[in-house]
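Colleague: I have the chains open and want to go through the rings, the helices and the sheets. Can you take my questions one by one?

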Amino acid sequence: MKHDQKYTGQEFKVVGARVERPDGVDKVTGRARYGADANAPGQLVGLVLRSPHAHARIVKIDTSKAEKVAGVKAVLTSADLPDLTNGDAGNYATLVNCMARDRVLYDGHAVAAVAAIDRSSAKKALKLIKVTYEKLPHVTDVDEALKKGAPLVQPTNKQDGKPSNKSGHYEFGHGDVEAGLLEADIVMERSYKTEQTHQGYIEPHACLATVGPDGSGELWVTTQGHFSFRIMCAALLGMDVAKLKVTSSEIGGGFGGKTHVWIEPVALALARKSNRPVKMVMSREEVFKASGPTCATSMDVKIGAKKDGTITAAFIECRYSDGPFPGIWGMLGGMTAWACYDLKNCKAIGVDVLVNRPKVAAYRAPSAPMMAFGVESTIDQLAKELGIDPVEFRLRNVAKEGTRSSYGPVYGPIGIEPTLEAVRDHPHMRAKLRKNQGRGMASGFWFNIGGQTCSDLNVGVDGTVNLTVGTVDVGGARASLSLIAAEELGISYDQVKTNIGDTSSLGHNDTTEGSRGTFSSGMATIFAAREAIEVMKSRAAQMWGIPEDAVEWKDGEARAVGAEHGNLPALSLKEIAAEAGATGGPIAGHHEVTADGSGVSFASHICDVEVDPETGKTTVIRYTVVQDAGKAIHPDYVEGQFQGAAAQGIGWALNEEYVYGEDGCLQNAGFLDYRVPVCSDLPFIDTKILEIPNPNHPYGIRGVGECSIVPPLAAIGNAVSNAVGVRLNHVPMSPPRILKALDDAGA
Amino acid sequence: MTGVHVSTSINGDPVEYVCPADESLLDVLRDRVGLTGVKEGCGTGDCGACSITLDGTLVCACLVLGAEAEGRKITTIEGMANGEKLHPLQRQFIDNAALQCGVCTPGFLIAAKSLLDDNPDPTVEEIRYALAGNLCRCTGYDKIVRAVQAAAKDLRRQKK
Amino acid sequence: MRYESPKTTKEAVTLLSKEKGKTFVLAGGTDLLVKLRMDMIEPDLMIDIKRIPAMNEINKTATGFKIGAAVSGRQLGASKALIKAWPGVVEATNLIGSDQIQGRCTMVGNLCNASPAADSVPAMIAAGAKAVVVGKAKRRTVAVENIVTGPGQTSLAKGEIIEAITLPKRPAKSGDAYLRFIPRTEMDIAVVGVAVSLTCKRGVIDSARVSLGAVAPTPLLVKEAAAAIIGTKLDTEALENLAAACSAACNPIDDKRGTVEYRVRVAGVLAKRAANIAFERAGGKK
């Protein structure tokens, strides 16, 4: 049955209500089960031996003593993981990242693994594995890696025919930037750097793996995408996809970091080798060293504008450090850089660079926050130079419906102008500022994605409904999906129970990333519900003995219409469900789709800070997020996404960074010295949800989860500039950097 | 390695276990006693996800040895609700959307209860500083603080 | 590893001196158990002192205060008498970590762990605190500034433990204060720590002790800094001299928590602020 994705502008009966989430009680009582909360009889503990060097050749690994330790059931090296990737570079990179083959590529890179009956035996065995390394020169800085003579991370990687650490170059934009610069009354050139950060989810990676002698396996794992994990693990281990059942546990935070496998193929390989269940949980140190942080960057920005604030040319080149394997981070950044603006001449170049650091994974609107820092900081300075209010400056150049975006597509109805107007008119802008306090604002963009999804809606014999979806619930989406199903069926929210199905119960579902969870599963749910409604209408027709076209569905019941049958009493969903056995069997609706048309999202933030000019310490005293959600299915959870994303951006702006030593080793692999914001660091974060419906979704839903991590870096930089008169171009804007900037300015 | 035999009380029930001397109370609770509501976020006392009370004092279970629990009284998240009746903090956390992924929630609830037991009418600043030892990466803390304020109000009303 | 939980100090000392292997003394465990978890130590024996009654007491004596080695930060912060006499010592100890850490951490543990950045130690040094050391030999008292000899190292001999900290009797018109710099509002190790303790006579500072933390391999007692404010009412020149003396005494390193130049600068800034607070607490008026 064909379904129309177009936004209908309908009035909602239950969608939009702030209902209680179905997993709430389990989570406040400790009953909810996360990745490390499952156990199997006879399970072994799996531990990984990791490289202490940033870059080295593995000369020899001697596991003989380790294998003899009492209680050890399997020892694993890359020799146990044959290369079955068949030329697929992405899969090969994952294979090598899971277990080093001929070289270790970063401090913490896995070299061997052990499964034993308890932790102490496993630790004993790890200590007895003798690895002979031949240290190689390393490079950890993105600009150093591009210099002539830099150590090569992947000697086979070539640019212009020569071995290089540059692994990608992407250009986006239109018009003629050089001509535009000549037209400008003022040209501003700036350079910026941002340090590497980690998603910082509180739950470390954890899984429980079993593999039977017949080659079938089960994996319980904390993940954002159990279907993609299944595909990857099956590919690396040479298992049939259908024979590997992956169940997603509750997830304790992901933000992109759990879209990629790290220890899971190793756990499965250990389970296969030992013929016992193997449980593996990463320590916090391992999470920082050997999962997937985001990129560090260095960038150059050049913007030309007329005296009246019209931008005539906009250029940015941003270099991203990918870790030891090529990624598309430069591409994603390049696409987002100028997206908020309607520009005649613009260009964004994203460059990917290899370094001896862990393999980068997505982190909430990946690659966008960095370029936005450069763009929004420079725009702010331009506006100041021209004596134009920063919001007004942006409004004069803002993208609207019909604008050709900097990355290609023409925009439909979008929210950037409304968010800027909302910021301009927000009471926050009128709050009084005292000495050493300053206000900054900035905007940001994220595309959001659609992707493959399918949902199953099953009507129970008592009329309550089971909705099974394949997108992992990272933040409360089950409530929203239940609301959507209830809305479609015309029943109350508490009659729908949404579950995340394992990989054997549904067709493929793409990972929950790109803010796609509620958007895609929501769409699949709407259409699955409509299928179920068609089935129920047909059953009602049978029960009444009338033609199907005389039946309509309204407010949770089938109604006979027309002169002939119109006076028949309505049949509720409950009544129809009770008769299902006699009318044709279980009632269900199912929908598979590659959801597209996910609406783009825009946000504008306002931030007030106070800076202590004697120490450079910055306190955020006021923060407001304005973001377009398309349609807020459950406003509490939409607000929560805005606030959580902003908090991560604030941490990134002020204190979070990976600190590397001269030896190429990570010095702050823990929450003590990797400084995420604590409760006393933040004020209340005010939120304003705008709803400019997405024309390509029946309810107008846009993805909401990511966009608000994009503006904070510049919002804070702009606020610091207004507080104490210095411009920081290096993120995080930690106290020593601010104090140094003050000293340099004073000198 | 010889094990240590411990007799203790957890959420009001007598519990006995044998554990290696160097095993943390966190590992004992999760792996031997089966109480997985207490979470490991870091293992080094920096995140508060393993918060419990030991003889009424708020502590991180990862920084207590299993052996130290001898003769002491432990409370964990599993002991917070009264049968089916949720504690006002638990109820307000749900109602105020103070959790997203929920993994930090047990630690926050134990810490918040410890705060309100000592200080039934805390200011926002007092709440924020009392909870500084509990990391949350999802919420930005806004709705958590509001939930604690609301629960404090409920508890003060109950006492009247 | 073996675990023992003696009920008397004598028992603890006997266990300590008898053991041939690596022994560690467990008070709050907030440093020790982190090291254990990270495989930085491999104890043969861990001796838990928390079941020794005397070690859990705060006693007001004729000569001041005696604080047992197992007294937690939380207990310290609940002692009204201590807060009245030594607000700086209490606030310094109460700055260590979170409320969860405070439920366990101890001043003596903080001292014996001998991190250059320990929070309670500069305040103890400024206060003129002494450590009561017990071992096979006679019980002795050692000035706190003579306990830490280097990062992670103390002057305690094998078989010795500290059973208490003593604080001297406080003259009237006295005040102390501790300030530290951290990049967040909580949960960080001090980048710089400054403690000032002073006593006024006829409105003027008559005696003072200034101690710095996190700016050298060990916490420092800076005599020149004290000299800069003795005989003054903390006028601008005195404060500048204080700041300069503190900055000059610093011998810090560049590390992931701060740079040399940053620490040297901020030591001076915090010294001025801490001195002002201590002076105000002593009833001083400018």
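Modeller: Gladly. One term is needed beforehand: buried means under 20% relative accessible area. Keep in mind that this is a predicted model.

Colleague: Are Trp446(A) and Phe447(A) buried or exposed?

Modeller: The cut-off for buried is under 20% relative accessible area. Trp446(A) meets it, and so does Phe447(A). Both residues are therefore classed, by that definition, as buried.

Colleague: How many aromatic pairs does a search of the whole structure find, and what geometry do Trp446(A) and Phe447(A) form?

Modeller: The search over all chains finds 16 aromatic pairs. Trp446(A) and Phe447(A) form one, at 4.7 Å centre to centre with 65° between the planes. Planes over 60 degrees apart count as edge-to-face. The pair is edge-to-face.

Colleague: Which residues form one aromatic cluster with Trp446(A) and Phe447(A)?

Modeller: The cluster belongs to chain A. Besides Trp446(A) and Phe447(A), its members are Tyr407(A), Tyr411(A), Phe445(A) and Phe602(A).

Colleague: Why is the pair of Phe108(B) and Tyr141(B) called tilted?

Modeller: The ring centres are 6.2 Å apart, and the planes stand at 55°. Stacked needs under 30 degrees and edge-to-face over 60. An angle of 55° fits neither, so the pair of Phe108(B) and Tyr141(B) is tilted.

Colleague: Where do Phe108(B) and Tyr141(B) sit, and how many residues apart are they?

Modeller: Both residues are buried. Phe108(B) is in helix H3 of chain B, residues 105-118. Tyr141(B) is in the loop between helix H4 (124-130) and helix H5 (142-159) of chain B. The pair links distant parts of the chain, 33 residues apart.

Colleague: Which ring does Arg128(B) lie over, and at what distance from the ring centre?

Modeller: This one joins a residue of chain B to a ring of chain A. Arg128(B) lies over the face of Phe684(A), and the distance from the ring centre is 5.0 Å.

Colleague: Why is helix H8 of chain C described as largely enclosed?

Modeller: The helix covers residues 120-127. Its buried residues include Ser120(C), Pro122(C), Met124(C) and Ala127(C). Eight of the eight residues are buried, so the rest of the structure largely encloses H8(C).

Colleague: Which residue just after H8(C) takes a positive phi, and of what value?

Modeller: Just after the helix comes Gly128(C). Its phi is positive, at about 75°.

Colleague: In what sense does S17(A) pair with strand S9 of chain A, and in what sense with strand S16 of chain A?

Modeller: S17(A) covers residues 346-354, and eight of its nine residues are buried. With S9(A), residues 166-174, eight bridges are antiparallel, and Phe172(A) stands opposite Ala348(A). With S16(A), residues 311-323, nine bridges are parallel, and Gly323(A) stands opposite Leu354(A). So the senses, given that strands pair by DSSP bridges, are antiparallel with S9(A) and parallel with S16(A).

Colleague: What is the hand of the β-α-β crossover from S16(A) to S17(A)?

Modeller: The chain leaves S16(A) and passes through helix H10 of chain A, residues 329-336. It then reaches S17(A), and the crossover is right-handed.

Colleague: Which are the edge strands of the open sheet of five strands in chain C?

Modeller: The order is S4-S5-S10-S6-S7, with antiparallel pairing. An edge strand pairs on one side only, and this applies to S4(C) (58-61) and S7(C) (140-143).

Colleague: At about what angle does helix H1 of chain C run to S10(C)?

Modeller: Five bridges join S6(C) to S10(C), with Val133(C) and Ile162(C) as bridge partners. Helix H1(C), residues 9-18, lies across S6 and S10. Its angle to S10(C) is about 130°.

Definitions and conventions. Residues numbered from 1 in each chain as written. Chains lettered and ligands numbered in written order. Predicted model: local features only at pLDDT ≥ 70, side-chain atom pairs only at ≥ 80, totals over all residues. Heavy atoms only, no water. Phe/Tyr/Trp six-rings, centres within 6.5 Å; stacked < 30°, edge-to-face > 60°. Buried < 20%, exposed > 50% of the residue type's maximum accessible area, 1.4 Å probe, protein only. Helix = DSSP H or I, 4+ residues; strand = E, 2+ residues; numbered from the N terminus. Lys NZ or Arg CZ within 6 Å of the ring centre and 35° of its normal. Pairing = 2+ DSSP bridges. Right-handed = clockwise from strand over helix to strand, strands pointing away. Contact = heavy atoms within 4.5 Å. Axes fitted to C-alpha atoms, helices over the stretch in contact; angles between N-to-C directions.
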